[in-house]
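New to this one? Here's a quick briefing to read alongside the sequence and the 3D view.

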Amino acid sequence: MNGEFKVRAAKWLLCVLGAAVLLPLELFAIEASNRYRSPRNPERKIRSSTELIVLHTTEAPARSSLNKLSDRGEAHYCVTEEGSVYRIIDRDKEAFHAGRSMWRGKEDVDKFSIGIECVGYHNKPMGTMQLAAIRDLVKELKSMYRLSDDRVVCHCHVAYGAPNKWHRCKHRGRKRCAMLFAMPSVRRFLDLKSRPAFDPDQRAGRLVQGDRYLQGVLYGRTDTMVGKVGGAPVNSQTAKKSWLGGIFSKSPPPSSRPSPKHAISSPVKTPSPRHTSSVQTAKSKPANIAQLKSGGWKLRGSVVKGVSASKLAGHKWNSPDTYYVTRGKLVPGDKINPSRLEAGTSVWTR
């Protein structure tokens, strides 16, 4: 009888272990809500490798950002201002988050990276609750994929621009997305002890520098986020409450900016006209072609073979104030992937 009991116990243990192996790893890993899990999940390919974690800033409030990210599957995770983490695309699959991109000579960074969208702006401070959630998420992913701190990069580290009349060569500096996460003061809060020391693609001559200020932030000493984080860092219990609140709350995630006492102090900086933040245009964002026309936008033509977005819109092709219209949907220029534009997509600028 004792021997029979041992056999049954062994079989039961094997069944439990087998079930554990078959269960998705997500169940054991990252605390994230599936509320905005993208319907694009089934069609996305499994990544062959994971070499980078790419941080993004949404440049828009939480509600609109989460809806857009979910609809198009443009990130693996999104972290809101109050610290809620939402899963968009399964972490082992490709999410279309990096657009025209290159790192160490390899293009299409989507194929070997995880993308995390953080609700906020590239030149604005973030609160402790949000930064603590980003820190915990990044730490978990680094551990899973055995990545070093310098493999946590910003979108602007990997994004690059095609040749145009302002830059005769392929160039780094297509956008400043998530620029603040390269700054030493922010990386210290995220427990990231190192960052990329140089641009490998510029050093190899594959790209040229296209934004001197951005270059100073990514690899120099420019740090506009210097200062102390207001209040104590969020402890694990507080973070967990915030995450659970984000999951079970029936109301949409709050989109209000964090109060000054929960932000890294930053000097006020006026953005240059060429890199005007979408904060300035958010109040007048059009929703359809009629609003484009009434708002002063003009049709510049349609993207077809031999006619690229940059040919139609010039240096404004990736501006947040330029719109691409595909099957009735409007997408701002700083959110498009030039390599994936459908033929017939119309381009509007003002």
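The largest nonpolar core in this predicted model has 45 residues, and Ile116, Ile134 and Phe181 have the most contacts inside it. Helix H3 gives the largest share of that core, six residues. Below, the core comes first, then H3, the salt bridges and the aromatic rings.

**The nonpolar cores**

- The elements that put two or more residues into the largest core are E1, E2, E6, H3, E7, helix H4 (155-158), H5 and helix H7 (212-219).
- There's also a second, separate core of 11 residues, with Leu69, Ala75, Cys78 and Ile88 among them.
- That fits a broad trend: in soluble globular proteins, nonpolar side chains tend to be buried together.
- Which residues does isoleucine 116 touch, leaving out those up to four places away in sequence? The list is Ile53, Val54, Leu55, His56, Tyr77, Val79, Leu137, Val138 and Leu141.

**Helix H3**

- H3 covers residues 128-145, so take it as a run of 18 residues under the helix rule used here.
- From first C-alpha to last, H3 reaches 26 Å, close to the 26 Å expected at 1.5 Å a residue.
- Its buried residues are Thr128, Gln130, Leu131, Ala132, Ala133, Ile134, Arg135, Leu137, Val138, Leu141 and Lys142.
- As background, an α-helix has 3.6 residues a turn, so residues three or four places apart point the same way.
- What covers the buried residues of H3? The cover includes strands E1 (52-57), E2 (77-79), E3 (85-87), E6 (113-118) and E7 (152-154), along with helix H5 (184-189).
- Just after H3, arginine 146 takes a positive phi of about 55°.
- Serine 84 sits in the loop between E2 and E3, and at 1% relative accessibility it counts as buried.
- Serine 84 and alanine 133 are 49 residues apart in sequence, but their C-alphas are 7.3 Å apart in space.

**Salt bridges**

- The count comes to 14 salt bridges.
- One of them joins the side chains of glutamate 51 and lysine 106, at 2.6 Å from N to O.
- Glutamate 51 is in the loop between helix H1 (2-22) and E1, while lysine 106 is in strand E5 (residues 106-107), so this pair ties together parts that are 55 residues apart in sequence.
- Glutamate 51 is partly exposed, with a relative accessible area of 23%, and lysine 106 is partly exposed too, at 35%.
- Back on H3, the side chains of aspartate 136 and arginine 135 meet in a salt bridge at 3.6 Å, N to O.
- Are these two buried or exposed, or in between? Aspartate 136 is partly exposed at 37% relative accessible area, whereas arginine 135 is buried at 14%.
- Arginine 206 and aspartate 201 form a salt bridge at 2.9 Å, N to O.
- Here arginine 206 is partly exposed at 36%, and aspartate 201 is buried, with a relative accessibility of 0%.
- Those two also belong to a network of salt bridges that links Arg172, Asp199, Asp201 and Arg206.

**Aromatic rings**

- How many aromatic pairs does the structure hold? There are two.
- One is the edge-to-face pair of tyrosine 36 and tyrosine 86, with 5.3 Å centre to centre and 85° between the planes.
- This pair links distant parts of the chain, with tyrosine 36 in the loop between H1 and E1 and tyrosine 86 in strand E3, 50 residues apart.
- Both tyrosine 36 and tyrosine 86 are buried.
- In the other pair, the ring centres of tryptophan 297 and tyrosine 323 are 5.5 Å apart and the planes are at 85°, so this pair is edge-to-face.
- Tryptophan 297 lies in the loop between helix H10 (289-294) and strand E11 (298-302), and tyrosine 323 is in strand E12 (residues 323-326), 26 residues apart.
- Tryptophan 297 is buried, with a relative accessible area of 4%, and tyrosine 323 is buried at 3%.

**Charges over rings**

- Lysine 106 turns up again here: its charged end sits over the ring of phenylalanine 112, 4.4 Å from the ring's centre.
- Arginine 203 lies over the face of phenylalanine 198, at 3.7 Å from the ring centre.

Notes. Residues numbered from 1 in each chain as written. Predicted model: local features only at pLDDT ≥ 70, side-chain atom pairs only at ≥ 80, totals over all residues. Heavy atoms only, no water. Helix = DSSP H or I, 4+ residues; strand = E, 2+ residues; numbered from the N terminus. Expected span 1.5 Å × (residues − 1). Buried < 20%, exposed > 50% of the residue type's maximum accessible area, 1.4 Å probe, protein only. Contact = heavy atoms within 4.5 Å. Salt bridge = Lys/Arg side-chain N within 4 Å of Asp/Glu carboxyl O. Core = buried A, V, L, I, M, F, W, Y, C linked by side-chain atoms within 4.5 Å. Phe/Tyr/Trp six-rings, centres within 6.5 Å; stacked < 30°, edge-to-face > 60°. Lys NZ or Arg CZ within 6 Å of the ring centre and 35° of its normal.
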